[in-house]
Amino acid sequence: MSIGEFGKVKGGKRLPKGEPYADHKTNHPYIRVIDMVNHSVNIPALVYLTQATHEKIEKYTISSKDIYISIAGTIGQVGAIPDSIDGANLTENAAKIVLNQNAPVEKDYLIWYLSLPAGAKQIEEKTMHTTQPKLALYRIEEIEVLVPTIDEQRSFAAFVRQSDKSKLSASEMMRIVNQITMALYQFVGFATHHHRH
């Protein structure tokens with residue numbers, strides 16, 4: 001399924017011209033691409049907005065249920081923000097994927113899917129390589145995602161998370177993940193093939 005079939009993609013927003021970050025911690029963290037680390041957010045490095053600045057761009061926030069994806073600068077960083085900063089403001093260099101109410105895809109699975117070759121290659125292909133590379137929002141909605149059952153998505157996400165924590169070398173990790181991805185494709189291919197007969 002394409003992302004647009006089970007979610008909406010919405011952009012972030014830059015600070016109003018001439019407005020600085022707050023010089024102290026406020027209730028309005030502002031998430032920049034540089035803060036997107038390890039599929040999460042580097043909390044200690046966050047900058048904050050004053051209430052007044054936040055009110056001007058208050059529609060452009062991200063919830064901890066959403067997935068962020070960077071669309072300029074380092075393109076294709078994906079992850080989710082921790083619950084502790086739910087509702088943070090989001091930079092214009094990133095977008096959020098808001099899953100529909102009964103989306104057949106879980107947040108963790110989608111994050112991993114977009115980080116691994118199956119998704120990362122599509123992100124790369126859909127990026128406009130101009131002087132300042134940009135990934136258009138409508139192009140994110142076109143990304144195709146393999147949708148196994150929720151149980152399979154959960155075990156896939158759990159497996160990738162485990163392997164990520166363990167000291168597997170990157171190449172071993174990719175080999176295993178590619179095997180799983182191939183197995184998934186074959187399984188899904190087999191299942192759809194089976195339905196037709």
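What follows is a walk through the sheets, helices and a few single residues of this predicted model.

We can start with the antiparallel sheet. Four strands make up this open sheet, in the order S1-S10-S7-S8, and the pairing is antiparallel. Strand S1 (7-11) and strand S8 (78-79) sit at the edges with a single partner strand each, so one side of each has no neighbour in the sheet. Going across from the S1 edge, S1 pairs with strand S10 (residues 94-99) in the antiparallel sense through five bridges, and Gly11 has Ala95 in S10 as its bridge partner. The next pairing, between S7 and S10, is antiparallel too and has four bridges. Here Ala95 turns up again, this time as the bridge partner in S10 of Ile69. Ala95 of S10 is thus bridged to Gly11 and to Ile69. At the other edge, S7 and S8 run antiparallel and are joined by two bridges, with Tyr68 standing opposite Gly79 of S8.

Strand S7 (residues 67-70) is worth a closer look, as both of its faces are covered. Ile67 and Ile69 are buried on one side, and Tyr68 and Ser70 are buried on the other. Two of these residues have already come up in the pairing: Ile69 as a partner of Ala95 in S10, and Tyr68 opposite Gly79 in S8.

The other sheet to describe is also open and has four strands, ordered S5-S2-S9-S6, but its pairing is mixed. Its edges are strand S5 (47-48) and strand S6 (61-62), each of which pairs on one side only. On the S6 side, S6 and strand S9 (residues 88-90) pair in the antiparallel sense, with two bridges between them. One residue pair in the contact with S9 is Ile62 and its bridge partner Ala88.

Turning to the loops, Leu15 lies in the one between S1 and strand S2 (29-31), a loop that links a strand of the antiparallel sheet to a strand of the mixed one. Leu15 counts as buried because its relative accessibility is 16%, under the 20% cut-off. Leaving out residues up to four places away in sequence, Leu15 touches Pro20, Tyr21, Tyr30, Leu49, Thr53 and Ile57. As for distance, the C-alpha atoms of Leu15 and Gly79 are separated by 22 Å, with their positions 64 residues apart along the chain; Gly79 is the residue of S8 that stands opposite Tyr68.

The loop between strand S3 (36-37) and strand S4 (40-41) holds Asn38, and His39 is found there as well. Asn38 has a phi near 50°, a positive value in a residue other than glycine. For His39, phi is near 65°, again positive in a non-glycine residue. Their accessibilities put them in separate classes: Asn38 counts as exposed because its relative accessibility is 71%, while His39 is partly exposed, with a relative accessible area of 27%.

Among the helices, H3 (residues 107-115) and H4 (residues 117-126) have axes that come within 4 Å and cross at roughly 65°. In this contact, Tyr113, Leu114 and Ser115 of H3 meet Pro117, Ala118, Gly119, Ala120, Gln122 and Ile123 of H4. By type, the residues of the contact are six nonpolar and three polar, with no charged ones.

Helix H6 (residues 150-165) has 16 residues, which at 1.5 Å a residue should span 22 Å; the C-alpha atoms at its ends are 22 Å apart, so the two agree. Its buried residues are Gln153, Phe156, Ala157, Val160 and Ser163. These cover an arc of only 135° around the axis, which puts them on the same side of H6. The face of H6 turned away from this buried side carries the exposed residues Asp151 and Lys165.

Gln153, one of the buried residues of H6, has a relative accessibility of 0% and therefore counts as buried. Beyond its neighbours within four places in sequence, Gln153 is in contact with Pro104, Val105, Glu106, Tyr109, Val147 and Pro148. One of these partners, Tyr109, falls within H3 (residues 107-115).

Terms used. Residues are numbered from 1 along each chain as its sequence is written. This is a predicted model: local features need pLDDT of at least 70, side-chain atom pairs count only at pLDDT 80 or more; totals for chains, interfaces and linings use all residues. Side-chain values use heavy atoms; hydrogens and water are left out. Two strands pair if DSSP finds at least two bridges between them. Axes are lines fitted to C-alpha atoms, for helices over the stretch in contact, and angles run from 0 to 180 degrees between N-to-C directions. Contact means heavy atoms within 4.5 Å. Ala, Val, Leu, Ile, Met, Phe, Trp, Tyr, Cys and Pro count as nonpolar, Asp, Glu, Lys and Arg as charged, and the others, Gly among them, as polar. The expected span of a helix is 1.5 Å times one less than its number of residues. Buried means under 20% relative accessible area, exposed over 50%, partly exposed in between (1.4 Å probe, protein chains only). The arc is that of the directions from the helix axis to the C-beta atoms.
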